[in-house]
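User: Can you take me through this one? I'd like to see how each label gets earned.

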Amino acid sequence: MSDVTKTVQKWHASFKKGTDFDSWGQLVEAIDEYQILARQLQKEIHSSSNSHDFTEEQKKTLGKCATCLEMRSAALQCTQSQEEFKLEDLKKLEPIIKNILTCNIDFPFDVQPVPLRKMFAPGEEENLEVEEESDADTGVGSTPSFPARVPGTLLPRLPSEPGMTLLTLTIEKIGLKDAGQCIDPYITVSVKDQNGIDLNPVQDTPVATRKEDTYIHFRVNVEIQKHLEKLPKGAAIFFEFKHYKPKKTFTSTKCFAFMEMDEIKPGPIVIELYKKPTDFKRKKLNLLTKKPLYLHLNQTLHKD
């Protein structure tokens with residue numbers, strides 16, 4: 001049995017495992033399996049070492065499968081009653097993944113492959129980084145070429161509801177000792193429950209363009225996609241600061257911060273920065289620095 005056949009069999013087994021979890025109502029396990037498989041497909045598609053294993057058309061199909069896995073994962077993480085992408089829909093992909101090397105089945109959904117960017121399963125990104133923050137020495141005057149990052153994915157404010165409160169977070173700036181050396185910096189904003197499960201769609205800010213001394217300025221509004229009254233006890237809003245590393249050609253999380261529900265109040269707030277990897281369960285937290293460098297936010301509450 002060839003290596004590529006073994007790889008496809010592993011993908012099929014992973015897909016079946018995820019859909020089984022999904023049908024049994026084990027949503028946390030299903031989400032993990034879907035996200036891991038989506039990243040495996042992405043890595044295979046963009047791997048130069050395996051470029052001859054799959055045709056361009058097969059790679060495009062694998063990319064569409066990864067998109068559908070991400071869509072189902074997002075549907076499971078959304079607490080709204082109407083799911084955008086159902087389990088029955090996802091199961092239509094099983095014969096396509098299982099027979100990717102031989103089948104010519106038309107793809108059942110009008111989706112596009114996930115845009116080209118390195119994607120990592122939880123913890124995988126950090127394991128790749130042997131040296132800590134030593135990528136600043138790319139050479140004076142050097143202009144490394146690297147793909148432009150996908151634009152921000154900020155969402156509009158939800159419609160107001162009587163008696164319900166919406167939160168707008170203005171990300172003003174972040175303080176870092178090497179702020180000027182960060183390439184394509186942006187912040188990923190997510191809302192997690194106490195088990196680290198997404199309660200809202202994850203949003204990325206656009207890339208920050210202004211750097212000044214030890215600060216990177218964003219000045220961007222993020223609309224939290226759920227009324228505050230509907231967030232469960234123990235929820236928190238996370239901010240992951242990410243930047244591009246040209247030597248390793250992937251986007252890395254440098255640090256993170258979070259804000260708990262009792263910190264939500266109108267006006268400015270500064271919150272501490274913690275070392276990666278991001279701990280969504282808030283169990284093992286280590287400050288990034290002892291210096292007075294923070295994430296600066298401003299909160300606006302909207303209530304009818």
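Analyst: Here are the labels, each set against its cut-off. This is a predicted model, where local features need pLDDT of at least 70, side-chain atom pairs count only at pLDDT 80 or more, and totals for chains, interfaces and linings use all residues. Residues are numbered from 1 along each chain as its sequence is written, and side-chain values use heavy atoms, with hydrogens and water left out.

User: Why is the pairing of Arg72 with Asp22 called a salt bridge?

Analyst: The rule asks for a side-chain nitrogen of Lys or Arg within 4 Å of a carboxyl oxygen of Asp or Glu. The closest N and O atoms of Arg72 and Asp22 are 2.8 Å apart, so the pair qualifies. The chain has 12 salt bridges by that rule.

User: What makes Arg72 buried?

Analyst: Buried means under 20% relative accessible area, exposed over 50%, and partly exposed in between (1.4 Å probe, protein chains only). Arg72 comes in at 3%, so it is buried. Asp22, at 6%, is buried too.

User: How do you know which label fits Glu223, and which fits Arg157?

Analyst: Same cut-offs. Glu223 sits at 8%, so it counts as buried; Arg157 sits at 42%, so it counts as partly exposed. Their side chains also meet in a salt bridge, at 3.3 Å from N to O.

User: And why is Glu56 called exposed?

Analyst: Its relative accessible area is 60%, so Glu56 is exposed. Its salt-bridge partner Lys59 has 10%, so Lys59 is buried.
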